[in-house]
Structure formats: structure tokens, C-alpha cells
Amino acid sequence: MKKEVEKILQYVQKPARYIGGELNSVIKDKSKVDIRYAFCFPDTYEIGMSHLGMKILYSVANSREDTWCERVFAPDDDMEEQLRKNDIPLFALESGDYINEFDMIGFTLQYELCYTNVLNMLNLAKVELKSADRKSLTPIVCFGGPCTCNPEPIADFADIIFLGEGEESTIEVIELLKDCKKKGLSKADFLYRAKDITGIYVPSFYEDNYNEDGTLKELKPINNAPKKVKKSIISDMNKVHYPKEFVVPYINIVHDRAVEEIFRGCIRGCRFCQAGFIYRPIREKSVETINEQCRALIKSTGYDEISLCSLSTSDHSDVNRMLTTLIDWTEKDKINLSLPSLRVDNFSDELVEQLNKVRRSGLTFAPEAGTQRLRDVINKNVTEDEVIRTCTKAFDNGWTSVKLYFMMGLPTETMEDIEGIADLAMQVVHAFYKNPNRQKGTGVQISVSCASFIPKPFTPFQWEPEDTMESLKEKQKHLLEYTPSKKIKISYHETPTSLLEGVLARGDRRLNKVILRAFELGCRFDSWDDHFNFDAWMQAFEENGIDPYFYTHRRRDFSEVLPWDHLDYGVSRKFLENENKKAHENKTTPHCRIKCAGCGANMLNGGNCDARG
């Protein structure tokens, strides 16, 4: 650590965020590596250190002798104040070196409301914000993560953008940059060659044009760039690199445990869920691989808890054998096993039996909508009877608290659907007290969490208007007034952040100047209620002559060119159109293991997917 950094740590609330040196952090001799990579998470240490994707790519890059990947997190307000006051650039944790000296600066974009943090971190690092203003070969600034399925609102700030899964494309980019450095090539040479790597998008190689009504006319490729850029995908989850060790923090982080990814993708096809489409097709790890990787992580970290990570844990095709194998040794070694993402329609007796052997905690289920009609619209394929039966089964086995996730603002939603949320929660309360097997003298707590629905790219609802702030507030108020029991606790999201998320999720390149202006007006940590400055964002829109509601309040026609149409995430546009039409007819689509719906994602994986039979 540099002395100037050491001196300012006494003035910040949590210096352990900035000192590095944790167990399993990677230290290398910088004179013996060819590529230095600053992997940046545009939020605080506690949040970034909890993120599995960062752990994986940190390990992937550092598995190479010629590469040193270091971690960088967004400094909190007190640390930013000290950095600016003392004219100290943003630095990496492992070496303490300033990241403007590195070859690559990468950001993982998990949430649209982190975009001003990206600009703030680049500014703190004394790196030019716009790609066009960075003339030298290095540092190459790159973005990845789920938000890059529509990177257009931040396209001006990135040299290259990773689409899809980064384990293999990261290595290819490192190899290319190493070769360009060795040969003394220019940044233009690097970008021209990078465009041919699967999963790499070069924004400067596409020009945007607009129609008179403000809609996008085209994103025209130049410099022989492909008309469609395909995402990168890992074919075999058993063979792809997975960390044998995680960096273990000195301070508590949001998810302070070992995490094992058991599969990618989802079979379900819920029409609101972006992750369920952009991570297709489903690819599982074998029980043997899962067991081996879990043992290695516990041994190397000393953690006493493992969380199984996926979009729907109970959808692993061999879930019962997987749990039996894991419980055989975790129970003996006093390791807690956490199973998030359970579904009500496959909460089997065998699964309950396994859950009874692991640490008892509240159960979480996601009906998503309060009425069967609306659950059919969103293709949730879960019935009220299944919700009640599952909760009853849980109460039979000693659980006394259940958390239910819902959404507000879904397409075709009415106040009757909002009332259905409270009605369903009340049915769960009744199921508890009707249950003859419940412990006498115990009460039940039902937590209802309502997120504001935001239409996202690459989903059947990508054409839908977003519900207005006024309408959402009215629905939130009605739900609170309609809920009949204090045993039901209601929580919901604030609507101004939902508006901004919706604008940035489906926006085009004209938003780059809005984000830049919002940053200049002091916007930081926009996903944090105590930081979010709605007025500053509205000022940024107004000064640039852009109406945010143009991106949220109107329904897009199927014929409209969408800002992400030049990117290929595997799911065909025609399939998404058909799913949208079925939603408006209240018709469902069976999940992949029942019948292949022909979404097209199998073609990304050599013609194979979970539904190939």
C-alpha cells in the first residue's frame, strides 16, 4: 500500500474495505506479468465481495502466469472525499497501485443504477470517461454482466463490451491485448481484431440513426463489424474453470459464505424474467462436480456455510441425490447448507426431508402475482393450491415464517390482482392455523415483498409500457389498506428508482449524455435511497432535451427497431413476440422439460439444450 493511501485510512469509517491482504487474495510480482487487469465492481466492498461472477473471473484471470487481476470497489463517500482532497487516484486492493497504470479496467454491470458509479470510478482513477478520448492502447476499458444485454446507454464509455459468459472470452481478450502490446499495435488495431472474438462487442464500430418520431432507425455496423454480435456461452459446466478458493474478507459482507453454482439457465420461461432468457440454455453441473467443488471451497476458506446458486435450485434434475451427497458430509462437519430459489410446484416430500437436515430458516417462495389470471399472463405456471399445499407442508415440518415475492405493475394488471396478493397471503395465514401439526402457542409471520415490474430487453415484455409512478403508488397504498392481518408484513420498492431503471434498461445511445450530466451533477450510488437524487436526474434529462417517459410509458410496436436488436442472446425475436401475444391471451407455455417451445437458444450450444428430447 502506498504511504499516501495509508495516511488517509484513519479518516474513513471502514478502512478494511481498502487495505487488501485478505486470505486467498492473489499477490504476484508485477515485473513478471504481461497483463495487469483491474476488475472493478461499481458498488461498495461488502456488495461486490458477495458477487459470484467477480470471484469466478478473478480466479480465471489469475490462473494465468502472465496476468495479474486485482479487485477495485467503489469508495464510499468518506473515502472518495479523502481521495479527492489529497489528489490520490483510485487504486487496486492487491498491490495498492493506481489503476490508470493497468492494461485493462473492467466493470461488471449488475444493475442499471450503478452507471454513475462507473463514471465516478473512472474519474477517480484519472482515466478519460469516453472511449473516443482515450487514444493509447492501454488501459482498455471494458464492461460485462447482465446489463450489457443492452449496453447502448453507456456505449460511449466502453472500448469493448463482453456479452454473455466471460470465462473463455476474457482469456481471448487477454491474449489479444498481450499480442498487441508485444507488437506495438494501436488501440484501433486492437479493437479491429477484438470484434472477431465471440461475445465481444465494439460499440464504436456501430453508428446510430433515428426516425422523425424519435425511435431508432438503425445501428449500422462499420469497419467490417458483424451485423449481429453473438453472446459467449460455456458449453460444459463440469469442465469450465471454477475457483477452488474465494478471497475471505476481514469484515462482514452481504453474503459471507461459500457459494457453489449448480447450473446456469432456467427451464421455466417466466415472461418477466430477463435472467431466465439471457442465460439460456440450461446447463447443469454433475452431482460429483458440485460435491467436489463444495469440499474444496470449505477447505480453502474455513467457511461454515455453503449456498447453492442457480435461478431455481430445486429444478436441478438430480436435486435429491445432490442434497443427499452434500448432507452426508456437511452435517457431520457442522457445515450449514443454504438452498435459495425454491419453487412451490416441486417442493416434494423428499426435498422437505432433506431440508429438515439442514439449518432451519424462513422459506421464500415467489408466486409473483396475486391471481391465477395474472400468473398465467406472466407464465408463472404456479397455482394457488400449490402455494397453499407447499406452505402447509412447510408448517407441518415446523416452519413458522414464509416470505412471498410478488410484483406490481405487470402487463394487464388490475386492482383485483393487487387485492389477490393480500388474499393469497391471508390464505397462507389460515393454512398455518388450520394445521393440526403446528406447535401450540406459536404464531406465523408472512412477509410479502412487492417489486415494481420493469420491462427488460430479451423478454416477451420488452415491448410493454412500464407502469407509471402514480399508478404504482396508488397500488401500494391500496395493498396496505386492503391487507387484513398484522401477521402479514408488506414491503415494496420506491417508485422513482424504478422509473430510472426502466429508462436505462431499454434506452438508446442518446442516454449517454444524460448519464454523464447526472454524474456531473453529483449522482452516485443511485440504487441507495439515501443517495438517490431524482431531481438531479430529471435536470440531466431536461438539459439534454430528452423525455424519460419516451422510454417507459409507450408500448413499442413489433416492427420497431430496438436498441439491442444487433445483439444475439440466442432467443429469437419471433419466439418473444409469440410469447407476448400469448400473454395478452392469458395463455401459458409449458416449461422446457415438458415440451420444447423452440426459443432458439439450443443453437448457441451446438444444437443442444435441456429440452432437446
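## A partly exposed threonine with positive phi

Thr 412 has a relative accessible area of 33% and is therefore partly exposed, a class that covers values from 20% up to 50%. In this predicted model, the phi angle of Thr 412 is positive, at about 70°, although the residue is not a glycine. Thr 412 belongs to the loop that runs between strand β16 (401-408) and helix α14 (415-434).

Asn 24 also has a positive phi, in this case of about 75°, and it too is not a glycine. This asparagine is placed in the loop between helix α1 (3-8) and strand β1 (35-41). Is Asn 24 buried or exposed? With a relative accessibility of 18%, Asn 24 counts as buried, because the limit for that class is under 20%.

## Overall form

The protein comprises 19 helices and 19 strands, and its C-alpha atoms occupy a box of roughly 75 × 65 × 55 Å when the principal axes are used. For a chain of 613 residues, a compact globule would be expected to have a radius of gyration near 25 Å, and the value of 24 Å found for the protein agrees with this. Of these 613 residues, 59% count as buried.

## Cis peptide bonds and a proline after α19

Two peptide bonds that lead into prolines deserve attention here, one from Thr 138 to Pro 139 and one from Arg 280 to Pro 281. The bond between Thr 138 and Pro 139 is cis, with omega near 0°, and Pro 139 is situated in the loop that connects helix α5 (115-124) with strand β4 (140-144). The bond joining Arg 280 to Pro 281 is likewise cis, with an omega of about -5°, and Pro 281 is part of the loop between helix α8 and strand β12 (283-284).

A further proline, Pro 590, is found in the segment that follows helix α19, where its relative accessibility of 38% makes it partly exposed. The C-alpha atom of Pro 590 is separated by 9.3 Å from that of Ile 267, although the two residues are 323 positions apart along the chain.

## Aromatic pairs

A search of the whole structure yields 14 aromatic pairs. One of them joins Phe 277 and Phe 575, whose ring centres are 6.4 Å apart and whose planes make an angle of 55°, an arrangement that is classed as tilted. Because Phe 277 belongs to helix α8 (residues 274-278) and Phe 575 to helix α19 (residues 573-584), this pair ties together parts of the chain that are 298 residues apart in sequence. Both of these phenylalanines are buried.

The rings of Phe 432 and Tyr 433 have centres separated by 5.0 Å and planes at 90°, so this pair is edge-to-face; the angle needed for that class is over 60 degrees. Phe 432 is buried, at a relative accessible area of 1%, whereas Tyr 433 is partly exposed, at 32%. Together with Phe 395, these two residues form one aromatic cluster.

## Charged groups over rings

How far is the charged end of Lys 2 from the centre of the ring of Tyr 98? The charged end of Lys 2 sits over that ring, at 5.0 Å from its centre. In a second case, Arg 555 is positioned over the face of Phe 558, and the distance to the ring centre is 5.5 Å.

## The second largest pocket

The second largest pocket has a volume of about 280 Å³. Its lining consists of 20 residues, of which Lys 55, Tyr 58, Ser 59, Pro 243 and Glu 245 are the closest to the centre of the pocket. The elements that contribute two or more residues to this lining are helix α3 (52-62) and strand β2 (67-73), and α3 gives the most, with five residues.

In chemical terms, the residues lining the second largest pocket divide into nine nonpolar, seven polar and four charged. Among the residues closest to the pocket centre are Lys 55 and Glu 245, both of which belong to residue types that count as charged.

Note on methods: Residues numbered from 1 in each chain as written. Predicted model: local features only at pLDDT ≥ 70, side-chain atom pairs only at ≥ 80, totals over all residues. Heavy atoms only, no water. Phe/Tyr/Trp six-rings, centres within 6.5 Å; stacked < 30°, edge-to-face > 60°. Helix = DSSP H or I, 4+ residues; strand = E, 2+ residues; numbered from the N terminus. Buried < 20%, exposed > 50% of the residue type's maximum accessible area, 1.4 Å probe, protein only. Lys NZ or Arg CZ within 6 Å of the ring centre and 35° of its normal. 1 Å grid on protein atoms, 1.4 Å probe; cavity = no way out; pocket = protein on both sides within 12 Å on 5 of 7 lines; lining within 4 Å. Points joined across faces, edges and corners; volume = space filled by probe spheres on them. Rg over C-alpha atoms; globule rule 2.2 N^0.38 Å.
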